[in-house]
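Student: Can we go through this protein together? I'd like short answers.

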Amino acid sequence: MTNKITALYCRLSKDDMLAGESNSITNQKEILLRYAHENHFPNPQFYVDDGYSGTTFDRPDFQRMIADMERGKVGIIITKDLSRLGRDYLMTGQYIELIFPDHDVRYIAINDSVDTAQSENELMAFKNIFNDWFARDCSRKVKAVLKAKGQSGKPLSVQPPYGYRKSANDKNVWEVDEEAAAVVRRIFRLAIEGHGPLQIAKILTDDGIITPAVYAVGKGYCNRDVSNRPPTRWDHRTICNILDRIEYVGHTVNFKTTSKSYRCKKRIHNDKEDWMIFENTHEPIISLHDFELVQTLREGKHRPQKCKEVSPFSGMVYCADCGKKLYLNRGKGIPNESMKCGTYSKHFHECTAHYIRTRDLRELLLLEVNKLLSGIRDDEDGFIRKAIEHSETARCDEVRKAKKLLTKHEKRISELDLLFTRLYEDNVLGRIDDDHFSRMSVGYNDEQKKLISECERLRGLIGENEQKNIDISRFLQVVHKYERITEITPKIMHELIEKIVVHEPDKSSGHREQEVEIHFRFNVLAVTVVIDDRNNDKKAA
């Protein structure tokens, strides 16, 4: 074996540091090298994993040592004790008793008197279990400390989100990193303007903006290998992660994830109900209004358009009959743009086109939005009273409709219970054979499941509407930013408009009339306007 390596393996984790200098890498190297020389083992070579837990075997130098072993280069593996090899008793035992012998490798743990070339050590299995228990106990204590820290409102994140950095005076305090924060603000601004994550990622990549991971390493915020990552190539998942983080409004969020166990470090996302949110703990980068606006836009995600220009109506216009979105149809040039019902496009027999030109929508919105701005400037108190009345009326109508439908569904569920009971009795008495019973019972069961699911949705809708409060002040804050609007942009649409509902044109009078409902944000107001093609007139209904 003189031509093979004697692998001297050292490992140190944060938990092991608590034991003092005895477990340091320097001390392990000295013990292992002296032991190799005293026993005349050839070609000693160190494999060192500093800062890696023994509960996992996915360690760089350990894997390098195993790769050398599999290539036949290693003849002996020596560690200071069994815990240096690992603290997972199952995997540690597998390596010592199966994998190492299969590759003709001799294993020695000096302090635990284990040498696979001498004789079997009956106590080795128990020592591995004790090492495993130590890891379990350390994990339990660390979790208790982190839980107490998280419940106190201190951030648990090792690294602050992109746009923040740890304060030099207090590691639990986040400060705004203006260079990165400017990019975060730009990402949210692009999202409000109607750009999707893929489009935003492309814009930042084309502009040569450094990605968050490369930026953090360059600033010395963290130490990771980013050599294989293109420094300016943004991924849409990174954009999504930034847009979803409520930390940018100044809140601390703890317990968003947890690990499966002390052995498996894979992170599992907790339900939002289990999060702990502490408000106004650091300086915000994004306003609460802009953050909530982006979340609303992302809930109504729309497919990306081939045209680079983002339509202000994308994802905002709905069919009055089927409730589905109207999709954009681009002709030769913007003047020929139109929208039609998505259901009609796929299944024309289930709905009608609800065709409307985007030019008419632009003119209609310019007229109504400027009329609203003028009305608020002239009589803000009157607008507030009108908004409150509208909100209460709309909420009562929606709740009344939902309660009526809920009663209808609950009655049908009771009827199905009775029908199923009679069907079962008829089957037992031989009036219906088993095949008929099976087919009919499956149909009744499927219908009942759908009704139960719909009842749950309606109850949630009723509860949400009964507790829903109008937020006029926030709407007024947005409105006061504008004097007069000369162009409908995606940003203006998303800040002022909740949705637009388009009705099917009415041609019964010999000319085309079409109703369009404009619902303003925060449920403050809704107006219905009729477009009359005789003189291209727009009049409030």
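Tutor: Sure, one term before we start. Contact means heavy atoms within 4.5 Å. Helices (H or I, at least four residues) and strands (E, at least two) are DSSP runs, numbered from the N terminus. Axes are lines fitted to C-alpha atoms, for helices over the stretch in contact, and angles run from 0 to 180 degrees between N-to-C directions.

Student: Where does helix α3 lie?

Tutor: Helix α3, residues 60-70, lies across β1, β2 and β3. It runs at about 145 degrees to β2.

Student: Anything to know about the model itself?

Tutor: This is a predicted model: local features need pLDDT of at least 70, side-chain atom pairs count only at pLDDT 80 or more, and totals for chains, interfaces and linings use all residues. Residues are numbered from 1 along each chain as its sequence is written, and side-chain values use heavy atoms, with hydrogens and water left out.

Student: Back to the strands. What order do they take in the open sheet?

Tutor: The order is β2-β1-β3-β4-β5, with mixed pairing. Two strands pair if DSSP finds at least two bridges between them.

Student: Which strands stand at the edges?

Tutor: β2 (44-50) and β5 (114-115) do. Each has a single partner strand, so one side of each is left without a neighbour in the sheet.

Student: And how many bridges join β3 to β4?

Tutor: There are 4, and the two strands run parallel. One pair is I76 with R106 in β4.

Student: New topic. Is G382 buried or exposed?

Tutor: Buried, because its relative accessible area is 17%. The cut-offs are under 20% for buried, over 50% for exposed, and partly exposed in between (1.4 Å probe, protein chains only). G382 is found in helix α14, residues 380-428.

Student: How far apart are G382 and I77?

Tutor: Their C-alpha atoms are separated by 84 Å. Along the chain they are 305 residues apart.

Student: What about the whole chain: how many helices and strands?

Tutor: The protein chain has 17 helices and 19 strands. Its radius of gyration is 34 Å, well over the 24 Å that the globule rule gives for 541 residues, so the chain is more spread out than a compact globule. That radius is taken over C-alpha atoms, and the rule is 2.2 Å times the number of residues to the power 0.38.

Student: What does the C-alpha trace span?

Tutor: About 105 × 80 × 50 Å along its principal axes.

Student: And how much of the chain counts as buried?

Tutor: Of the 541 residues, 40%.
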